[in-house]
Amino acid sequence: MKITNPKKFKFFKNLIEENIFNYSDVDILKKDLPNVEAITPAGKLYGGKDHIPEKIDGRELSLVMINAFAYKKKFKTLSDFFIKICNLNYLRRDVHVYYSPDEEAAVFGRHKDPSFNFILQCQGKSRWIVDRVEFPMDPGDVVYIPCFMSHQCVPLGKRVSLSFAYWSK
């Protein structure tokens, strides 16, 4: 996408920088909070109220924090921005934090979500495959995933990303 209005881009860039979730922030994910789950090697969620192990079958687990608005209120500003620029009508929305400790960590396989998603790469690198198109992601990059579009994340090392999800009316 070509940036045609530098002022809007600067505003967006500032929003991105304010919402970056760093590796140092990941410690909150490891405190067995009820809204944190792990992704198992089978691509299933594990956790909630149970203790989350660091490994299953020798593989590191990626962690997911659902309802991250409760943790960092500034996420609402970026979420509002996506709603405005895309003119989204939504029934509900959420922000999920994803953390993978390395490139071999268990993640979800190719799947489709019933929500619109904007993925913000915060730390590390990943590759997103959206409907057979690959998007290399560096910190600060954003990819849009339409509702029910097939997609998958491939961590290229330790990574943190945010998913801004919107369920349409």
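In strand E11, Gln 152 is the bridge partner of Ile 129, and I would like to start from that pair and work outwards. A word on the model before that: it is predicted, so to speak, in that local features need pLDDT of at least 70 and side-chain atom pairs count only at pLDDT 80 or more, while totals for chains, interfaces and linings use all residues. Residues are numbered from 1 along each chain as its sequence is written, and side-chain values use heavy atoms, with hydrogens and water left out.

Ile 129 also stands opposite Glu 134 in E9. Strands here are DSSP runs of E with at least two residues, helices are runs of H or I with at least four, and both are numbered from the N terminus; two strands count as paired if DSSP finds at least two bridges between them. Strand E8, residues 126-130, pairs with E9 in the antiparallel sense over 5 bridges, and E8 and E11 are likewise antiparallel, over 5 bridges. The result is an open sheet of 3 strands in the order E9-E8-E11. Strand E9 (133-137) and E11 stand at the edges with a single partner strand each, so one side of each has no neighbour in the sheet. From one strand to the next the twist averages 20°, where axes are lines fitted to C-alpha atoms and angles run from 0 to 180 degrees between N-to-C directions.

E11 is mostly covered, with 4 of its 5 residues buried, that is, under 20% relative accessible area with a 1.4 Å probe and protein chains only.

E11 (151-155) also takes part in the second largest pocket, where strands E6 (90-100), E7 (116-123) and E12 (159-168) join it in supplying at least two lining residues each. A pocket, on a 1 Å grid over the protein atoms alone, is an open set of points where a 1.4 Å probe fits, with protein on both sides within 12 Å along at least five of seven lines, and lining residues have an atom within 4 Å of a point. This one holds about 300 Å³ of space. Its lining has 23 residues, of which His 96, Tyr 98, Phe 108, His 111 and Asp 113 lie nearest the centre, and E12 gives the most, with 4 residues.

Lastly, the largest nonpolar core, a set of buried Ala, Val, Leu, Ile, Met, Phe, Trp, Tyr and Cys residues joined through side-chain atoms within 4.5 Å, has 34 residues, and among those touching the most other members are Phe 21, Val 97 and Phe 164. Its largest share, 5 residues, comes from H2.

Terms used
Points joined across faces, edges and corners; volume = space filled by probe spheres on them. Buried < 20%, exposed > 50% of the residue type's maximum accessible area, 1.4 Å probe, protein only.
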